[in-house]
Amino acid sequence: MSSMDLEKLKMTGAGRAIAVLTSGGDAQGMNAAVRAVTRMGIYVGAKVYLIYEGYQGLVDGGDNIKLAHWHSVTNIIQQGGTVIGSARCKAFTTREGRLAAAFNLVKKGITNLCVCGGDGSLTGANLFRTEWSSLLEELVQKGRITDTMAKQHNHLNIVGLVGSIDNDFCGTDMTIGADSALHRIMEIIDAIMTTAQSHQRTFVLEVMGRHCGYLALVSALASGADWLFIPEAPPQEGWEDRMCARLEGVRHKNYCMYSQEIGFESRIKGSRLNIIIVAEGAVDIHGKPIPSTYVKDLVVKRLGYDTRVTVLGHVQRGGTPSAFDRILSSKLGVEAVIALMEASPTTPACAIGLSGNHPVRLPLMECVEMTKLVQTAMNEKRFDEAIKLRGGSFENNWNIYKLLAIQKPSQSKSNFSLAILNVGAPAAGMNAAARSAVRLALAHGHKVYAVQDGFQGLAKGEVFEMEWHSVAGWTGQGGSLLGTKRTLPNKHMEKIVETIAKFNISALLVIGGFEGYEGVLQLFEARSRYDELCIPMCVIPATISNNVPGTDFSLGADTAVNAAMEGCDKIKQSATGTKRRVFVVETMGGFCGYLATCTGIAVGADAAYIFEDPFNIHDLKTNVDHLTEKMKKDIQRGLVLRNEKCHENYTTDFIHKLYSSEGKGVFDCRVNVLGHLQQGGAPSPFDRNFGTKLGVRAVQWISERLTENFRQDRVFANSPETACVLGLNRKVIAFSPVTDLKAETDFEHRMPKVQWWFKLRPMLKMLAKYQTSFCEYVPGEIEHVTRRSISIDSGF
């Protein structure tokens, strides 16, 4: 969208009225969506109304429909649930109820409705839109509105935002609330694992998912659970025998090739615990429910294990939204307003979904019909098709779970050996990637070496062989268990070559940040001097800075944003009840502003200073004046983020002193440096899942390259395509040769020259009430929902 288009949008918005409601089950992130819709609506000049208590409030009218102001949605982004309430409404399912709802909207002059809810809520909204003309005709006939009023409000525009923790809506990569629910589940699994380990217990965890196994599947993949039951893949006959045999560590003669029937760790080989995850809608092949209590009783009866059941229940809906859900909801809310402003009477109702990193407009009923097909396939016991209809990401998660669960060290050894090392600063998710890579490589018959302390350790020969159980329990651990250093190979090239020759290493898997990418580039460029370096090399990007070329996301970045967000939430909360206060918070990230920008959106920051968005003293003064005016009115707290290397002279201390001086008499100022807490902690569900998937994909790619380049009893791989960065580019997991990425890299500042997230900056500024240009904003495209479109794995 050009700046001229934005002016047109503002002209379109003037005099228009938008209403927003939340309906059905609540989901973390709904408040961020309400905030974004409200503020973007006001920004384009429209009146925005908040409808309280969902469709019930729309039917009842009165004080349930209130005009919103900018500050109506202040300080709600970090709150779970929905501050405007949600309710199941039987009245709206009737013609009489929808007639009352139409009357209430016309009275307020509202012809644009944004609904945040599940497929039932959005289907109801579409029916309401379809009936709108006839409802107005009936209101005119009954004398409740005039013919003139009916003509003035002759069309209702509908936009849906999908709020559902189950992530069960076809067409969008993620629904609002799903990531936060996974955070709650993983927190509980991590806690349970410690007590299970202590007492040698088996825990059966029941998670939500009456019709969709997404939460159970991803939490099983992210925790390395021993067993999984999901409604899309009922276990085959005799699963009880096989499950117990696997839990005990004995391979059953009727060993089945499904993941819910395979275990990762077994007590007979030293594991002190078992984790079984059951989706609440789990059934057997005949459609008979599999309760968590039945699974527990089975384990006790057959194996005599001390077994407990934990039903997570509504704790999965509660708590503060994750950073991902706050950012997702903000993006979708802004796009929803633009879609409403651009809608015409011929525009079909749409839902705003996520495709890769970008919001897209999805024909609402195409999504609903595709979602219904999943349940139809399950009812007809076409379970393979049901998994495909869930989408490429679900199917890939399922296949990787089966792959890791079914595999064991191969009895037949290959001629190849793989060395795995971490390079750069520690990042959450490194261990998850290493674990899946080690196990799949062993299953392929490769010898696997771990290298301590990165390229430095490789030069020193600090190499040791890995076995299957060497990586047990690694998925949920933060940091780098292999040890990591920032050392680059150039200064140690000959020693590195000696080690590769000594251990007959056939391939390298480097899990690390910018130094990992740069190091592999140096190794590639040294191939002309050393034949030993003519081996496949793969980089899995892992850094909290998210500054590795060739990928939109690096392992560790999601965990770091959540850590920074949680720190800022607590910092803001510390000022509750005190006089007006502004916090200046420094984030990490080197020269890359990803961490500061995403954290700024997630916490509702007033400003976020980054290197990529140059600023001067006049800009700083403008920001201070802007915040001062806000603090004189309704705002009690301000938050300003500064990336650690955003400016050589405008340091964190300088900005703190500037705000302190200029805000004197209006607010006081405090400074906080978040530091290394952004590198610590357990990995987020996304980083665990993403790391596991990248580790698997990397070993698959390396095994293919080894086979292709095996000549005369040795591997010789010297083409550019054999030294790659494995990354996620929008929705495609791709291998990019490091030589191709060289031209895209700013080596001085250690980051890509073009970064996708920079286009989020206008939204950050708009939500902080700056009159900013949206010339860089690209509105969502219409993306039809087909079997082909949903088959792509988004990485989530």
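The paragraphs below lead from the overall form of this predicted model to three helix pairs and then to a few individual residues.

The protein is built from 26 helices and 27 strands. Its radius of gyration is 27 Å, close to the 28 Å that the globule rule gives for 796 residues, so the protein is as compact as a globular protein of that length. Measured out along the principal axes, the C-alpha trace spans about 90 × 70 × 45 Å. Of the 796 residues, 63% count as buried, and the surface that the protein exposes comes to about 29100 Å², with carbon and sulfur atoms supplying 50% of that area. The contacts can also be sorted by how far apart the partners lie along the chain: among contacts with a separation of 6 or more, 79% are accounted for by residues 24 or more positions apart.

From the whole we turn to helix packing. Two packed helices are described by the angle between their axes and the distance between the axes. In helix α4 (residues 95–108) and helix α5 (residues 119–141), the axes come within 9 Å and cross at roughly 80°. That angle makes α4 roughly perpendicular to α5, because angles of 65 to 115 degrees count as roughly perpendicular. On the α4 side the contact involves R95, R98, L99, A101, A102, F103, L105 and V106, and these residues meet L127, F128, E131, W132, S134, L135, L136, E138 and L139 in α5. Sorted by class, this contact of α4 with α5 has twelve nonpolar, one polar and four charged residues.

Helix α4 also holds K107. At 51% relative accessibility, K107 counts as exposed, since the term applies over 50% relative accessible area. For a sense of distance across the model, K107 and D325 are 218 residues apart in sequence, and their C-alpha atoms are 34 Å apart in space.

A second pair is formed by helix α11 (residues 323–342) and helix α19 (residues 557–573), whose axes come within 9 Å and cross at roughly 90°. These two helices, α11 and α19, are therefore roughly perpendicular to each other. The contact is made by A323, F324 and R326 of α11, together with D558, V561, N562, M565 and D569 of α19. By class, the residues in the contact of α11 with α19 divide into four nonpolar, one polar and three charged.

The third pair brings together helix α8 (residues 214–223) and helix α23 (residues 685–708), with axes that come within 8 Å and cross at roughly 75°. Here, too, the crossing angle is therefore one that leaves α8 and α23 roughly perpendicular to each other. In this contact V218, L221 and A222 of α8 meet P685, R688, N689 and T692 of α23, and the residues divide into four nonpolar, two polar and one charged.

Some individual residues complete the picture, beginning with two that are buried. V624 lies in helix α21 (residues 617–632) and is buried, with a relative accessible area of 0%. Leaving aside residues up to four places away in sequence, V624 touches L658, Y659 and E662. By contrast with these contacts, V624 and Y777, which are 153 residues apart in sequence, are separated by 25 Å in space from C-alpha to C-alpha. A233 is found in the loop between β7 (227–229) and α9 (239–248), and this loop residue is buried, with a relative accessible area of 6%. The C-alpha atoms of A233 and G476, residues that lie 243 residues apart along the chain, are separated by 25 Å.

Two further loop residues deserve a look for their backbone angles. Q712, in the loop between β22 (710–711) and β23 (714–715), has a positive phi of about 50° although it is not a glycine. Q712 is exposed, with a relative accessible area of 80%. R750 is located in the loop between β26 (745–746) and β27 (751–752), and its phi is near 55°, a positive value in a residue other than glycine. With a relative accessible area of 28%, R750 is partly exposed.

Technical notes
Residues numbered from 1 in each chain as written. Predicted model: local features only at pLDDT ≥ 70, side-chain atom pairs only at ≥ 80, totals over all residues. Heavy atoms only, no water. Axes fitted to C-alpha atoms, helices over the stretch in contact; angles between N-to-C directions. Helix = DSSP H or I, 4+ residues; strand = E, 2+ residues; numbered from the N terminus. Parallel < 35°, antiparallel > 145°, perpendicular 65-115°, else oblique. Contact = heavy atoms within 4.5 Å. Nonpolar A, V, L, I, M, F, W, Y, C, P; charged D, E, K, R; others polar. Rg over C-alpha atoms; globule rule 2.2 N^0.38 Å. Buried < 20%, exposed > 50% of the residue type's maximum accessible area, 1.4 Å probe, protein only. Areas by Shrake-Rupley, 256 points an atom, 1.4 Å probe, with all protein chains shown as cover.
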